[in-house]
There are 2 protein chains.
Amino acid sequence: MNYHCGKSAKTIFAALLFVALCSISLTSTAGNVILIIGDGMDDHQITIARNYLVGSRGKLTLDKLPLRSTAQVLTVDDANPNRPIYVADSANSATSMASGVATSIGRVGTSAGDDRDLVNIVELAQQQGIKSGIVSTASITDATPSAFYAHVNTRDCENPEMMVQAETYYKTIADCSPDLKSNGGLGSISEQLVDSGLHVALGGGMQHFVQVAEGSGQSVLQLAKKAGYQVVTRATELNNNGSDKLLGLFSPSTMPVMWRGEDDRVAEKPIPSLLNRLHWALGSVTYPEPMDCEDNPEYVGMPSLALMTETALSRLAGGDSGADSFFLMIESASIDKQSHERKACGSIGELQQLDETLDLALAFAKTHPDTLVLVTADHGQAAQLVAERTLFVDIPVPVYSPGHVARINTREGEIMGVNYATNDFFSEEHTGVNVPLLSNDVGQGLVPAMVTQPEIFDIIKSHLLK
Amino acid sequence: MNYHCGKSAKTIFAALLFVALCSISLTSTAGNVILIIGDGMDDHQITIARNYLVGSRGKLTLDKLPLRSTAQVLTVDDANPNRPIYVADSANSATSMASGVATSIGRVGTSAGDDRDLVNIVELAQQQGIKSGIVSTASITDATPSAFYAHVNTRDCENPEMMVQAETYYKTIADCSPDLKSNGGLGSISEQLVDSGLHVALGGGMQHFVQVAEGSGQSVLQLAKKAGYQVVTRATELNNNGSDKLLGLFSPSTMPVMWRGEDDRVAEKPIPSLLNRLHWALGSVTYPEPMDCEDNPEYVGMPSLALMTETALSRLAGGDSGADSFFLMIESASIDKQSHERKACGSIGELQQLDETLDLALAFAKTHPDTLVLVTADHGQAAQLVAERTLFVDIPVPVYSPGHVARINTREGEIMGVNYATNDFFSEEHTGVNVPLLSNDVGQGLVPAMVTQPEIFDIIKSHLLK
């Protein structure tokens, strides 16, 4: 290669220096940040959704984002925070992004071992008068959203009645006694939401707001109203024109998802013949029948993630001047939750919700040019995109997954295999794979090609805060 | 945001225009391309290797590459090439990268359906007098390397004796009769290598060169010597100083890998107690014991992938002037092959080989600044990074994978779980996930944040050819 430009090197250098100095001055001013988290949205989930929604040669909106990075998820052992753990849950991974500190499984905004409250991005924003919003298709008190506003030692402590020796799932017990207000703590997650100062909080989880708040004769919901929140419970009540604080609770717990498998089918185990049970090379196997995805009747009346986001953006960016800085975290929660239950159609529909929401965020960023849009996941999930029966179809023995398989009819008319085989329990496992991190052009210079998950906090902070 | 630089916009614009014009002139000259393919190297494989080799907070060399993209793998149905297939094999995915055309499973350099020979990047380079090299830890006639120089309808036709109704694996039959020279074809893959004009070819696969070549009284190896190849079979014979064409065949088939599991152990099935076999909520389970990775005694005497690459680079870039353009494809083949066999340590060691080779390639690119270094994978693989037993450890029922599990002791002193559960056959399945594509700075402007796999061919071509 010949560098023909050598003669004018001085001119170029001067120009580049000038541009560089400008850039420094530009990045030091505050901007908006929209952080979109697909819970459990690893590359398998994205490829599965892409193949289904737009075909294998198509591109989702998130595929078109100009900057791609990957995030190494970090988790530590609670007994010895110097020891790494290789697979995360949503609580510790969301805490990484919200507070920049790797913590242990189940913790929300608190440090591993010594249980310190970790300052989060919403609190830092508030110190500078910057508004924040949280939108989720889970309970608004679930692990991912709560890591952005609350501090408890266990994610299960979502309401005042869950604080002391509460049975959570399958005989496991959570205890947040140290976080009781009477013990000098901040109370349950729903109580902390009321105190958080969040400008907008939209999602599911009404069941966590009906209890009597600790040391008060009133329900958490009543306290929310007292704290200035307009409370809405139906999609039709969402109103972009208001400027008050807004709390939307559209379902008792996780919001119903948009799609489900045909006749509510989930992934099923291939069924080997009797002969094949006697010897692996004999007999035959019956694979699950292919299935369509269909509308989930329970979704009727729910606001879409995009509609909730539109409302949040309007409330946050409205202000008096229409030019306030803000931080907005949006979670598409059920990519993960449906994958736990081996429901491929549910995860795909939820990822479509995320992609539509991203469309909206990018349109907003076009008219508000200093808006950093980040899309990422908190951790990997069990679902694997596999051959729709087996790659070894030519071999005259039955070859099949030992796990659960869904064979999904895609929109382009083919069958796609999704394998769930991390356990045979009623809930599949997370995985420890690094997860995608994508950004719009505003992330240029801010988002390197690889980060650790806590560094996402640094990226948000450097763009959001003055 | 305030744009303080507005006053000097004209000056900046002029400078940027000048820089842009320089760039156009720079990218329009030919350069070197080093394409490194980790066979089966999806993000699970990379995260598993990272955690083992450098710890969860560490970075591999490939993690430090400045440009990250992802490649959607495309496969089509042989009977109807308009129909997509969602999971690839190495033959069709390497053909995508070598020739820019999506084809069907098992095909090497030929089109789906009508079996046309597809022009590959090595042939295009040769037309311009640009040398090429192929390095692999597989047989040099295996699917990935051969897609860069050969054209056959089935990957199994690696030597003259495999051309007609040959049994390949587990009673499956391959037939390449149409590719016989006597039928107007180009012959078997090893014969085509001899005719390819490749300047360097280093790997395993001696067993495919000892047969008598079709229509000749001589072995393929004898023909190679006749065609001007210096043939070497030992690492100690690798000589960087020569300028002749070089064929190195260091093992009969796939080269032995660097590492194996302790006492040659592979992933094993968790063993449920009798009670647990009767009911999933009863009894207990015995997980496989953790294992160290250890040196594979069979690897002794093998040249490393880095040593083969060093030789290839020296031969290709040496020339008379020391500044020839070249194309070099390097495959770390056994990430995939060891994963098929549920050998996590083998895959990790092989990924380390790739990473060391990348170090070498980047060092070369430093002294040869127009060298585009790309790192990618051909398709996903079965291995999943999972909790080392289960995430549901607090639940008083046994929870375990229905597949095979390896619990690997990492260098940082923790246990990492790797799950293989796509089937119970003796070879695990590929997956259909999109795969990483990474580049050094030379790829700036050439490598968008997402591509389809055939577009990798376009990237290589645009940089390599005048």
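**View 1. Strands 18 and 20 of chain B lie side by side as an antiparallel pair.** Three bridges connect these two strands in this predicted model. Opposite Val418(B), a residue of strand 20 of chain B, stands Leu385(B). Strand 20 of chain B is mostly covered, with five of its six residues buried.

**View 2. Strands 19 and 20 of chain B form a hairpin.** Strand 19 of chain B spans residues 404-409 and pairs with strand 20 of chain B in the antiparallel sense over six bridges. Within this pairing, Val405(B) has Asn419(B) of strand 20 of chain B as its bridge partner. Five residues lie between the two strands of the hairpin. In the turn, Gly413(B) has a positive phi of about 90°.

**View 3. An open sheet of three strands in chain A has the order 18-20-19.** The pairing in this sheet is antiparallel. Strand 18 (384-386) and strand 19 (404-409) of chain A stand at the edges; each has a single partner strand, so one side of each is left without a neighbour in the sheet. On average, neighbouring strands of this sheet are turned by 35° against each other, direction ignored. Strand 18 of chain A is joined by three bridges to strand 20 of chain A, which comprises residues 415-420. Val386(A) stands opposite Gly417(A) of strand 20 of chain A.

**View 4. The largest nonpolar core of the model has 257 residues.** The residues with the most contacts inside this core are Ile36 and Val418 of chain A together with Ile36 and Val418 of chain B. With its neighbours within four places in sequence left aside, Val418(A) is in contact with Ile48(A), Ala267(A), Ala344(A), Ala383(A), Leu385(A), Val405(A), Ala406(A) and Ile408(A). In soluble globular proteins, nonpolar side chains tend to be buried together.

**View 5. Ala147(A) occupies a loop of chain A.** This loop runs between helix 5 (143-146) and strand 6 (166-167) of chain A. Ala147(A) counts as buried because 33 C-beta neighbours lie inside 10 Å, and 20 or more are required for that class. Leaving aside neighbours within four places in sequence, Ala147(A) is in contact with Ala91(A), Ala94(A), Thr95(A), Ala98(A), Val108(A) and Gly109(A). Ser96(A) is 51 residues away from Ala147(A) along the chain, and their C-alpha atoms are separated by 8.7 Å.

**View 6. Chain B meets chain A through 75 residues on each side of the interface.** Several elements of chain B each supply at least two residues of the side that touches chain A, among them helix 1 (9-27), helix 2 (43-53), strand 2 (67-72) and strand 20 (415-420). Helix 1 of chain B gives the largest share of that side, seven residues. By class, the side of chain B that touches chain A has 34 nonpolar, 27 polar and 14 charged residues. Of the interface residues of chain B, 99% are also interface residues in chain A, so the copies meet through the same surface.

**View 7. A turn of 180° lays chain B on chain A.** The accompanying shift along the axis is 0.0 Å, and the RMSD is 0.0 Å. The two copies are thus related as by a two-fold rotation axis.

Methods
Residues numbered from 1 in each chain as written. Chains lettered and ligands numbered in written order. Predicted model: local features only at pLDDT ≥ 70, side-chain atom pairs only at ≥ 80, totals over all residues. Least-squares fit on C-alpha atoms with pLDDT ≥ 70 in both. Contact = placed C-beta atoms within 7 Å. Helix = DSSP H or I, 4+ residues; strand = E, 2+ residues; numbered from the N terminus. Nonpolar A, V, L, I, M, F, W, Y, C, P; charged D, E, K, R; others polar. Core = buried A, V, L, I, M, F, W, Y, C linked by C-beta atoms within 7 Å. Buried ≥ 20, exposed ≤ 12 C-beta atoms within 10 Å, placed from the backbone. Pairing = 2+ DSSP bridges. Axes fitted to C-alpha atoms, helices over the stretch in contact; angles between N-to-C directions.
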